[in-house]
Amino acid sequence: MSNKYAPSQIFLHWLTFLLVVTAYCTMEFRGLATRGSWQGFAMIIGHFSAGSCVLVIMLSRILLRFCHRSPAILPKPPHWQTGLAHLMHLAIYVFFIVLPTLGILSRFYMGRTWWIFGIPMPVSGDPDPDFADMIADWHETLAPYGYWLIGIHAVAALAHHYLFKDNTLVRMMPARRSRSKTSD
């Protein structure tokens with residue numbers, strides 16, 4: 001058994017990270033764009049597109065977890081750390097499935113055209129703006145907790161690497177490219 005995750009898992013992990021950063025940045029910096037401008041429109045489409053991709057990728061990552069076993073952490077951590085890690089990963093997976101789902105549902109039930117990568121998405125034939133606003137409020141209320149989950153996850157990975165001196169972080173790092181040596 002390899003001491004690293006499968007390349008597909010590593011790729012999707014870091015792609016998820018980039019998409020989550022994109023989704024959060026487009027909302028945090030949307031105030032820099034003039035309302036109704038193409039920049040504001042691009043921020044909104046970027047947010048919807050990144051968030052929707054996060055949902056698809058998180059679901060794909062769940063499927064990959066069934067196809068590939070997790071590599072062992074060496075040296076083996078105490079049971080309480082393993083339990084906390086499983087709880088944290090469950091929270092991350094649930095959070096980054098629920099959050100974009102709420103966002104998508106809020107747009108769908110609003111009944112107004114919205115886009116992912118510039119492609120118009122379906123809307124409800126029977127819009128319910130009050131329900132859409134309620135779902136959007138849940139989305140906006142929950143979103144800041146993502147910073148905490150990401151932060152705790154990153155701090156734990158660094159603690160495993162630098163304090164506990166195990167291979168937790170290394171298991172999810174992309175493989176290094178080998179340099180071929182040529183002689184003259």
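Begin by selecting residues 5-174 of this predicted model. Over this range the chain is 68% helix and 2% strand, and the C-alpha atoms at its two ends lie 9 Å apart. The range is the one that UniProt, in an unreviewed entry, annotates as "domain: Cytochrome b561 bacterial/Ni-hydrogenase".

Next, display the whole chain as a cartoon. Its secondary structure amounts to 5 helices and 2 strands. Followed from the N terminus, the elements appear in the order α-α-α-β-β-α-α. Along the principal axes, the C-alpha atoms occupy a box of roughly 60 × 55 × 30 Å.

**Helix 1 against helix 2**

Select residues 7-28 for helix 1 and residues 38-67 for helix 2. The two axes approach within 8 Å and cross at roughly 155°. An angle over 145 degrees counts as roughly antiparallel, and helix 1 and helix 2 are therefore roughly antiparallel to each other. Their crossing is left-handed. Colouring the contact of helix 1 with helix 2 by residue class shows 13 nonpolar, 10 polar and 2 charged residues.

**Helix 2 against helix 3**

Keep helix 2 in view and add helix 3, residues 79-110. The axes of helix 2 and helix 3 come within 9 Å, with a crossing angle of roughly 140°. That angle makes helix 2 oblique to helix 3. The crossing of helix 2 with helix 3 is again left-handed.

**The annotated transmembrane spans**

Now select residues 41-64, 84-105 and 145-164, which the unreviewed UniProt entry annotates as "transmembrane region". Two of these spans may be examined in turn. Residues 41-64 are 100% helix and 0% strand, and their end C-alpha atoms are separated by 34 Å. Residues 145-164 are 90% helix and 0% strand, with 26 Å between the end C-alpha atoms.

**The largest pocket**

Which residues lie nearest the centre of the largest pocket? Select His-89, Ile-92, His-153, Ala-157 and Thr-168, which hold that position among the 49 residues of the lining. The space in this pocket is about 1,400 Å³.

Extend the selection to the elements around the pocket. Helix 1, helix 2, helix 3 and helix 5 (145-162) each contribute at least two residues to the lining of the largest pocket. Helix 3 provides the largest share, 14 residues. By class, the lining of the largest pocket comprises 33 nonpolar, 12 polar and 4 charged residues.

**The second largest pocket**

Move finally to the second largest pocket, which holds about 1,200 Å³ of space. Select Met-27, Arg-30, Ile-44, His-47 and Phe-48, the closest to its centre of the 37 residues that line it. Which elements give two or more residues to this lining? They are helix 1, helix 2, helix 3 and helix 4 (129-142). By class, the lining of the second largest pocket has 20 nonpolar, 11 polar and 6 charged residues.

To close the tour, display both pockets together with helix 1, helix 2 and helix 3, each of which supplies at least two residues to the lining of the largest pocket and two or more to that of the second largest.

Key
Residues numbered from 1 in each chain as written. Predicted model: local features only at pLDDT ≥ 70, side-chain atom pairs only at ≥ 80, totals over all residues. Heavy atoms only, no water. UniProt positions renumbered as here; feature names shortened; annotations may be inferred. Helix = DSSP H or I, 4+ residues; strand = E, 2+ residues; numbered from the N terminus. Axes fitted to C-alpha atoms, helices over the stretch in contact; angles between N-to-C directions. Parallel < 35°, antiparallel > 145°, perpendicular 65-115°, else oblique. Left-handed = near helix turned anticlockwise from the far one by under 90°. Nonpolar A, V, L, I, M, F, W, Y, C, P; charged D, E, K, R; others polar. 1 Å grid on protein atoms, 1.4 Å probe; cavity = no way out; pocket = protein on both sides within 12 Å on 5 of 7 lines; lining within 4 Å. Points joined across faces, edges and corners; volume = space filled by probe spheres on them.
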